[in-house]
Amino acid sequence: MTRTRVLGISMAVLAAVCLTGSVQAGDKSGWVNLFNGKNLNGWVQHNGTATYKVVDGTIEGTTSEGSPNSFLCTKKKYGNFELEFEVKVHNQLNSGVQIRSQQKDGNGRVNGPQVEIEASGANGAEAGYVYGEATGRGWLTPEKRLKPHKNLKDGEWNKFRIVANGPRIQTWINGEKIEDLTDEAIYKTHPKGFIGLQVHGIKKGTGPYSVAWKDIRIKELK
């Protein structure tokens, strides 16, 4: 083998090492996977009887007729963070991801800010806006900004990004900024809590419908 050939192979190996190193550096930057793609370790279900299971490296939640809203929640609580995930939802199902959420009386109704997940349909929808699940406030996003849009692609995987830092909550769908909310009141009552994957309750005689999540990762902020 010629010296030039050896040098070429060495450079290729070095390039591969550098590429691998950059990925590892990203891991060391603070990102943590919340789902390992194999099981639901680190998660626990609260409220409702919807089913959650691992299907082809995703978390698939399926409606259960007669059930109230169901939530698969992280056992760990988070305050300030950046959260990313991909989601695909049935066109007839409303869903969401709880952030900084709690349970009333320690084991009751899940409550707290929820980032909406909803198919766009013909007229657009409210995906990415922030709702106050069981807080008594309804939408946290002000009504004047609550405009239906089509940034969520129906029947496809969609990438969400959420940044919660102090009273400010920002959301993106597929790289498009959706919401930039500052809400001192909700931050006062919900400064920290679990992340929850919601399967919404459905009307009798409908469904079953499913929603799936993958590539769920979080980076805590100081």
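Colleague: Hi! Which residue stands opposite A164 in β12?
Modeller: That would be I169 in this predicted model. The two strands involved, β11 and β12, pair in the antiparallel sense, with six bridges between them.

Colleague: And how many residues sit between the strands in that hairpin?
Modeller: There are two residues between β11 and β12, and G166 in this hairpin takes a positive phi near 65°.

Colleague: What about the other neighbour, how do β12 and β13 run?
Modeller: They run antiparallel, joined by six bridges. T171 in β12 faces E179 in β13, for example. This hairpin has two residues between its strands, and N174 is the one with a positive phi, near 50°.

Colleague: Is β12 largely enclosed or open, and why?
Modeller: Largely enclosed by the rest of the structure, because five of its six residues are buried.

Colleague: Let's talk about the core. Which residues touch the most other members of the largest nonpolar core?
Modeller: I59, L83, F85, V97, I117, W213 and I216, out of 41 residues in that core. Several strands give two or more residues to this core, among them β7, β8, β11, β12, β13 and β15. The strand that gives the most is β6, with five residues.

Colleague: Why would those side chains gather like that?
Modeller: As a general tendency, nonpolar side chains are buried together in soluble globular proteins.

Colleague: Can we zoom in on I59? What is I59 in contact with, leaving aside neighbours within four places in sequence?
Modeller: Quite a list! Its contacts include F35, L40, W43, Y52, L72, L197, W213 and I216. K53, V211 and A212 are on the list too.

Colleague: New topic: what is the order of the strands in the open sheet?
Modeller: There are seven strands, in the order β2-β5-β14-β7-β8-β9-β10, and the pairing is antiparallel. At the edges stand β2 (43-46) and β10 (138-139), each with a single partner strand, so one side of each has no neighbour in the sheet.

Colleague: How many bridges hold β9 and β10 together?
Modeller: Two, in the antiparallel sense. In this pair, Y131 stands opposite W139 in β10. The loop between β9 and β10 holds A134, which has a positive phi of about 55° although it is not a glycine.

Colleague: At the other edge, is H46 buried or exposed?
Modeller: H46 belongs to strand β2, and it counts as buried because its relative accessibility is 16%. The H46 side chain makes a polar contact with the side chain of Q103, at 3.3 Å. Beyond neighbours within four places in sequence, H46 is also in contact with S70, F71, C73, V110 and F194.

Colleague: You mentioned A134. Which other residue that isn't glycine has a positive phi?
Modeller: D215 is one, with phi near 50°, and its place is in strand β15. Most residues other than glycine have a negative phi, and most peptide bonds are trans.

Colleague: Where is there a cis peptide bond, then?
Modeller: From G207 to P208, with omega near 0°. You'll find P208 in the loop between β14 and β15.

Colleague: Last one: what is the mean pLDDT of the protein?
Modeller: The mean is 89, and 88% of the residues reach 70 or more. Over residues 2-26, though, the pLDDT is below 50, and that stretch has three contacts in the model beyond near neighbours in sequence.

Methods
Residues are numbered from 1 along each chain as its sequence is written. This is a predicted model: local features need pLDDT of at least 70, side-chain atom pairs count only at pLDDT 80 or more; totals for chains, interfaces and linings use all residues. Side-chain values use heavy atoms; hydrogens and water are left out. Two strands pair if DSSP finds at least two bridges between them. Helices (H or I, at least four residues) and strands (E, at least two) are DSSP runs, numbered from the N terminus. Buried means under 20% relative accessible area, exposed over 50%, partly exposed in between (1.4 Å probe, protein chains only). A polar contact is a pair of N or O atoms within 3.5 Å; within protein, one must be able to donate a hydrogen and the other to accept it, and residues adjacent in sequence count only if both atoms are side-chain atoms. Contact means heavy atoms within 4.5 Å. A nonpolar core is a set of buried Ala, Val, Leu, Ile, Met, Phe, Trp, Tyr and Cys residues joined through side-chain atoms within 4.5 Å. pLDDT is the predictor's confidence in each residue, from 0 to 100.
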